[in-house]
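Here are my notes on the model you sent over, set out as numbered points. I hope they are handy to read with the viewer open.

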Number of protein chains: 2
Amino acid sequence: MRIPFDQLEKEFLRVLEGLGFSRSKAAHCARIFAQNSLDGVYSHGLNRFPAFVRSVEEGLVRIDSEPGAVRRMGNLECWDGNLAPGMYTASQAMARAIELAVAEGIGGVAVRNTNHWMRGGTYGWQAADSGCIAICSSNTIANMPPWGSADPRLGNNPLVVAIPREKGAIVLDMAMSQFSYGKLQEYEMEGRALPVPGGYDSSGALSTDPSAIRASRRTLPIGYWKGSGLSLVLDVLVSVLSDGRSVGAITATGKESGLSQIFLCLDASRADQGLIENIITFTKSGENVMYPGEKTLATRQRNEREGIPVNENAWKALLAM
Amino acid sequence: MRIPFDQLEKEFLRVLEGLGFSRSKAAHCARIFAQNSLDGVYSHGLNRFPAFVRSVEEGLVRIDSEPGAVRRMGNLECWDGNLAPGMYTASQAMARAIELAVAEGIGGVAVRNTNHWMRGGTYGWQAADSGCIAICSSNTIANMPPWGSADPRLGNNPLVVAIPREKGAIVLDMAMSQFSYGKLQEYEMEGRALPVPGGYDSSGALSTDPSAIRASRRTLPIGYWKGSGLSLVLDVLVSVLSDGRSVGAITATGKESGLSQIFLCLDASRADQGLIENIITFTKSGENVMYPGEKTLATRQRNEREGIPVNENAWKALLAM
């Protein structure tokens with residue numbers, strides 16, 4: 001079934017206000033959850049909402065907290081998220097990074113003690129809509145073994161790179177694991193093999209079997225040793241610049257909360273749009289080649305016209321909350 | 001055979017001065033080539049030197065040119081490399097990015113019309129040695145098909161992330177292809193299969209056969225669709241911020257020259273070294289787990305003690321130049 005955006009957003013708003021969120025904070029978070037579903041990222045929209053509500057009820061997300069600047073080093077600000085809702089803090093940090101970039105060419109905000117930002121692409125689109133290039137990352141709880149080990153010691157730390165474009169922004173939003181656990185579960189439920197190896201089975205062989213990988217918990221970093229290294233440096237970047245928790249420190253608490261994130265922005269108001277079009281045209285040598293963000297925009301436009309596809313049980317559960 | 005660093009550097013210097021390089025520019029370039037071999041990156045040290053000399057003789061690299069700033073947008077400068085030697089310009093651009101970061105927290109230099117920087121890690125180590133975090137990238141001639149196509153339309157655009165560390169910097173230096181053509185050739189010459197799939201054979205199947213991949217020219221981006229997207233956004237970043245040539249525009253010239261690069265720096269003088277150590281200790285859960293830069297440092301120290309291993313023919317060819 002499909003639900004109009006406004007209706008989905010209204011239900012999120014109702015539940016969040018019921019939890020005690022202020023009107024404006026509830027509106028902000030409800031909008032982001034609804035937009036994530038609108039853009040086709042259902043895993044971080046409707047389907048994630050119950051887990052977010054639980055994290056509020058458990059006190060991991062503090063609805064009365066506000067993020068605040070701790071110190072400033074030139075155009076790089078360091079904030080404490082004070083465990084406020086992650087989407088709320090991330091939007092504010094990105095808004096500040098945009099201000100700094102517009103004023104000074106480059107600017108950034110590093111945030112510690114924050115919570116899951118849901119879809120990293122949200123903040124990439126935010127920057128691109130303001131005419132800025134963005135580079136963002138977050139760490140996570142350990143969920144992926146480094147190259148050379150079977151023990152999960154790295155996060156799948158997402159990396160977001162966004163570039164403003166008149167015909168629709170370029171927004172890359174990628175985790176460091178080849179497949180998320182959510183994606184493995186989808187393939188498993190559909191009884192399908194992964195299109196490319198996604199991890200190891202229990203005997204240590206590369207595998208396309210989602211069940212075998214979920215059992216071994218040995219998911220694969222993108223590019224094997226390369227994604228393993230990139231995940232590590234992203235963890236160092238976000239935690240060192242924010243003086244925040246690393247993947248290891250988050251993992252030691254047993255809960256994915258108190259994360260570290262970074263939001264870098266570069267002013268792109270002078271960007272040559274013709275050059276960007278040339279790159280996209282040159283790269284799209286076949287009809288199956290997509291630029292990052294292309295599918296998101298197409299899904300958004302379709303869901304705006306036809307409503308957002310929802311899992312019927314998830315929708316009923318939301319109505320009953 | 002092994003050659004002391006000073007001897008290797010002296011031979012590079014002699015050849016470059018013979019080509020007409022000024023003393024100081026020759027010294028700078030000779031040092032970088034020697035350091036690349038010292039650090040174990042032989043493919044961009046001694047083994048690359050003859051190709052660099054040819055690019056000077058062909059006029060692709062202009063030895064009398066100097067790079068220069070074209071405009072400034074706050075803390076982001078845009079330079080024209082004027083086709084000067086790529087290593088020379090990259091070192092200067094990074095030095096300027098470091099200055100900007102130390103003064104203002106974050107700074108950057110985007111360079112157009114530059115040449116191959118040889119080993120990107122060189123500039124990462126430079127930043128880390130100055131107490132700065134660095135993020136750098138370069139585009140290249142098209143050498144890798146985007147996800148969804150068999151036609152090479154992307155560069156393997158290297159990404160460098162460096163973080164200062166008292167016990168030895170963390171320096172990630174990775175191309176967007178799983179294996180370079182140089183690496184494929186090494187495996188082929190040794191008659192070995194790749195440890196993981198590195199591209200497609202001519203029938204379109206994923207392959208670990210280096211000969212089959214070199215024949216099809218269908219190398220694989222790291223993480224399949226993910227590295228394909230990251231390569232594209234890096235090309236947009238470097239060419240848009242420098243108003244320079246994209247991968248497509250470079251490819252249209254038929255020669256890998258006139259590249260676009262970016263050098264971003266963040267001041268890390270306040271970085272908590274204990275936090276960095278904790279991340280490395282947590283991640284290295286087994287003896288086979290390495291952090292990015294660990295192997296480079298070990299190789300450098302060994303080659304400082306024992307001399308730099310050189311291919312005998314390459315060494316004789318250098319002496320005869």
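**Notes on the predicted model**

1. Let me start with a single glycine. Gly191(B) counts as exposed, because only 8 other C-beta atoms lie within 10 Å of its own and the limit for exposed is 12 or fewer. Please keep in mind that this is a predicted model. Gly191(B) sits in the loop that links helix H6 (181-189) to strand E8 (199-200) of chain B. If you want a distance to check, Gly191(B) and Asp209(B) are 9.3 Å apart from C-alpha to C-alpha, with their positions 18 residues apart in sequence.

2. Next, the main sheet of chain B. What is the strand order? The seven strands run E2-E3-E4-E10-E5-E6-E7 in chain B, and they make an open sheet with mixed pairing. Its edges are strand E2 (68-73) and strand E7 (170-174) of chain B, each of which pairs on one side only. On average, neighbouring strands of this sheet are turned by 15° against each other, with direction ignored.

3. At one edge of that sheet, E2(B) and E3(B) run antiparallel and are joined by five bridges. One pair to look at is Arg72(B), whose bridge partner in E3(B) is Glu77(B). E2(B) and E3(B) form a hairpin with two residues between them, and Gly74(B) in the turn has a positive phi of about 60°.

4. Moving inward, strand E3 (residues 76-80) of chain B runs parallel to E4(B), again with five bridges. Here Leu76(B) stands opposite Gly108(B) in E4(B). On the other side, strand E4 (residues 106-114) of chain B is antiparallel to strand E10 (residues 259-267) of chain B, and seven bridges join them. In that pairing Ile106(B) faces Leu266(B) in E10(B). Is E4(B) mostly covered or mostly exposed? E4(B) is mostly covered, with nine of its nine residues buried.

5. Chain A has an open sheet of seven strands too, in the order E2-E3-E4-E10-E5-E6-E7 and with mixed pairing. Strand E2 (68-73) and strand E7 (170-174) of chain A are its edge strands, each pairing on one side only. Neighbouring strands of this sheet are also turned by 15° against each other on average, direction ignored.

6. Within the sheet of chain A, strand E5 (residues 132-138) and strand E6 (residues 159-163) pair in the antiparallel sense over four bridges. Ala134(A) has Ala162(A) as its bridge partner in E6(A). Helix H5 (residues 121-129) of chain A packs on the sheet, where it touches E5, E6, E7 and strand E10 (259-267) of chain A. The direction of this helix makes about 20° with that of E6(A).

7. The core is worth a look as well. In soluble globular proteins, nonpolar side chains tend to be buried together. In this model the largest nonpolar core has 182 residues. Those with the most contacts inside the core are Ala134(A), Ala162(A), Cys265(A), Ala134(B), Ala162(B) and Cys265(B). Leaving aside neighbours within four places in sequence, the contacts of Ala162(B) include Trp125(B), Ile133(B), Ala134(B) and Val171(B).

8. On domains, chain A is divided into domain 1 (75-175 + 226-271) and domain 2 (178-220). Taken over C-alpha atoms, the centres of domain 1 and domain 2 of chain A are separated by 26 Å. Their contact takes six residues from domain 1 of chain A and four residues from domain 2 of chain A.

9. How are the two chains related? A turn of 180° and a shift of 0.0 Å along the axis lay chain B on chain A with an RMSD of 0.0 Å. The two copies are therefore related as by a two-fold rotation axis. In chain B, the C-alpha nearest the axis belongs to Gly223(B), 2.4 Å from it.

10. Last, the interface. How many residues does each chain give to the contact? The contact takes 60 residues from chain B and 60 residues from chain A. Among the elements of chain B that give two or more residues to this side are helix H4 (86-104), E4, helix H8 (225-242) and helix H10 (273-283). H8(B) supplies the largest share, 12 residues. Since 100% of the interface residues of chain B are also interface residues in chain A, the copies meet through the same surface.

Conventions
Residues are numbered from 1 along each chain as its sequence is written. Chains are lettered from A and ligands numbered from 1 in the order in which they are written. This is a predicted model: local features need pLDDT of at least 70, side-chain atom pairs count only at pLDDT 80 or more; totals for chains, interfaces and linings use all residues. Two strands pair if DSSP finds at least two bridges between them. Axes are lines fitted to C-alpha atoms, for helices over the stretch in contact, and angles run from 0 to 180 degrees between N-to-C directions. A nonpolar core is a set of buried Ala, Val, Leu, Ile, Met, Phe, Trp, Tyr and Cys residues joined through C-beta atoms within 7 Å. A residue is buried if 20 or more other C-beta atoms lie within 10 Å of its own, exposed if 12 or fewer, and partly exposed in between; C-beta atoms are placed from the backbone. Two residues are in contact if their C-beta atoms, placed from the backbone, lie within 7 Å. Copies are superposed by least squares on the C-alpha atoms of residues with pLDDT of at least 70 in both. Domain bounds come from an automatic or database domain assignment.
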